[in-house]
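Ready to try reading a protein model with your own eyes? Have a go at each exercise before you look at its solution.

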Amino acid sequence: MAQRHSWLLGGFLAAFGGVCWGASSCMAQYLFEHTPLTAEWLVSVRMVAAGALLLVMGCVTCGAKNTFLLFTSKGEWPRFLAFSLLGMLWSQYGYFGAIERSNAPTATVLQATSAVFVLVFSCAMLRRLPAKIEAAAIAACVVGAWLLCTHGDFSAMHLSAGALGFGLAAAAGGALYTVLSGPLLARHSTWSVVGGAMLLDGMVMCLLNRPWNLAVNWTVPALVNLAGVIVVGTAAAFSLYLKGASLAGPVLASMMGRTEPITSILLSAAMLGTRFEMADYVGFVMIVAAALTVSVSSARTRNAKVKTKT
């Protein structure tokens with residue numbers, strides 16, 4: 001009974017973490033629509049603030065020594081830099097760049113195709129063809145992306161090339177994030193790996209974009225949404241999701257975390273007045289279903305390997 005309660009609580013926390021991520025994407029959309037902020041500015045400021053916040057949370061939960069152990073281990077730096085600059089940075093910059101050029105739901109769903117990128121990469125590395133269910137997921141992902149871009153109309157491209165490019169860059173960055181983070185997370189806490197990468201990437205973006213040069217007439221709603229992007233979309237989301245994963249396991253947490261695109265769609269339509277065609281909704285469903293299918297298939301493959309070894 002206690003185990004079932006723990007499993008249910010973990011699933012709920014992971015789902016609510018996804019809700020926080022989805023809500024923060026709509027907050028970012030609000031900022032792009034009502035202030036002169038750019039994706040470059042938001043990524044620079046958010047990653048510095050969020051990275052510092054996560055490292056502080058790591059010190060509180062794991063102790064300062066364990067939190068900063070990663071940064072004193074010279075042997076970890078090559079992978080950490082690759083994870084930070086190729087995975088984390090492009091995952092975040094691509095995501096917010098896609099929101100700026102389209103809307104929060106579209107960017108969120110395009111980023112979800114990262115699961116398919118990981119599948120394709122895995123098949124290439126293992127020199128194998130996708131299984132039937134995996135091939136179906138890839139096909140669904142491609143068709144779903146096509147529906148988002150064209151609304152089902154072969155003669156027109158309704159999603160800008162910039163939005164599609166940034167969305168796919170976010171997905172590719174998310175795939176690298178997943179592949180490169182494994183060994184780091186096996187030896188260090190998530191607070192250290194994610195927080196350190198965010199802080200490093202934020203400082204790089206600040207040096208390149210100099211966000212302090214942009215004049216902004218701050219209003220209360222703008223400040224609230226900025227705080228939400230940083231706190232709700234980082235500290236709250238990560239804390240809830242990671243606690244959920246520890247209670248319910250990574251597979252259920254990954255599935256319940258798919259509340260992110262659903263939340264983004266609902267809030268964007270209700271609060272920001274974003275309108276979608278029926279083809280968009282079909283595309284959303286196909287891509288999210290493909291990501292779920294790949295996650296479940298990968299989990300089953302890992303479990304089968306573990307059973308074989310034992």
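Below are four short exercises, each with a worked solution.

This is a predicted model, so local features need pLDDT of at least 70 and side-chain atom pairs count only at pLDDT 80 or more, while totals for chains, interfaces and linings use all residues. Residues are numbered from 1 along each chain as its sequence is written, and side-chain values use heavy atoms, with hydrogens and water left out.

**Exercise 1.** Work out how H4 and H8 are oriented to each other.

Step 1: Find helix H4 at residues 77-101 and helix H8 at residues 161-187. Helices here are DSSP runs of H or I with at least four residues, numbered from the N terminus.

Step 2: Take the angle, which is about 150°, with the axes 7 Å apart. Axes are lines fitted to C-alpha atoms over the stretch in contact, and angles run from 0 to 180 degrees between N-to-C directions.

Step 3: Angles over 145 degrees count as roughly antiparallel, so H4 and H8 are roughly antiparallel.

Step 4: Sort the residues of the H4–H8 contact: 19 are nonpolar, nine polar and two charged. Nonpolar covers Ala, Val, Leu, Ile, Met, Phe, Trp, Tyr, Cys and Pro; charged covers Asp, Glu, Lys and Arg; the others, Gly among them, are polar.

**Exercise 2.** Check the span of helix H7 against its number of residues.

Step 1: H7 runs over residues 132-150, which makes 19 residues.

Step 2: The expected span is 1.5 Å times one less than the number of residues, and for H7 that gives 27 Å.

Step 3: The end C-alpha atoms of H7 are 27 Å apart, so the two agree.

Step 4: Just after H7 comes His151, with a positive phi near 55°.

**Exercise 3.** Count the disulfides, then look at Cys59 and Cys141.

Step 1: A disulfide is a pair of cysteine sulfur atoms within 2.5 Å. The count is zero.

Step 2: For Cys59, the nearest cysteine sulfur belongs to Cys62, 8.8 Å away. Cys59 is partly exposed, at 26% relative accessible area (buried means under 20%, exposed over 50%, partly exposed in between, with a 1.4 Å probe and protein chains only).

Step 3: For Cys141, the closest cysteine sulfur is in Cys149, 11 Å away and too far for a bond. Cys141 counts as buried, at 7% relative accessibility.

**Exercise 4.** Where is Arg127, and is Arg127 buried or exposed?

Step 1: Look in the loop between helix H6 (114-126) and H7.

Step 2: Arg127 has a relative accessible area of 81%, so Arg127 is exposed.

Step 3: Its phi is positive, about 55°, although Arg127 is not a glycine.

How values were computed:
Helices (H or I, at least four residues) and strands (E, at least two) are DSSP runs, numbered from the N terminus. Angles under 35 degrees count as roughly parallel, over 145 as roughly antiparallel, 65 to 115 as roughly perpendicular and the rest as oblique.
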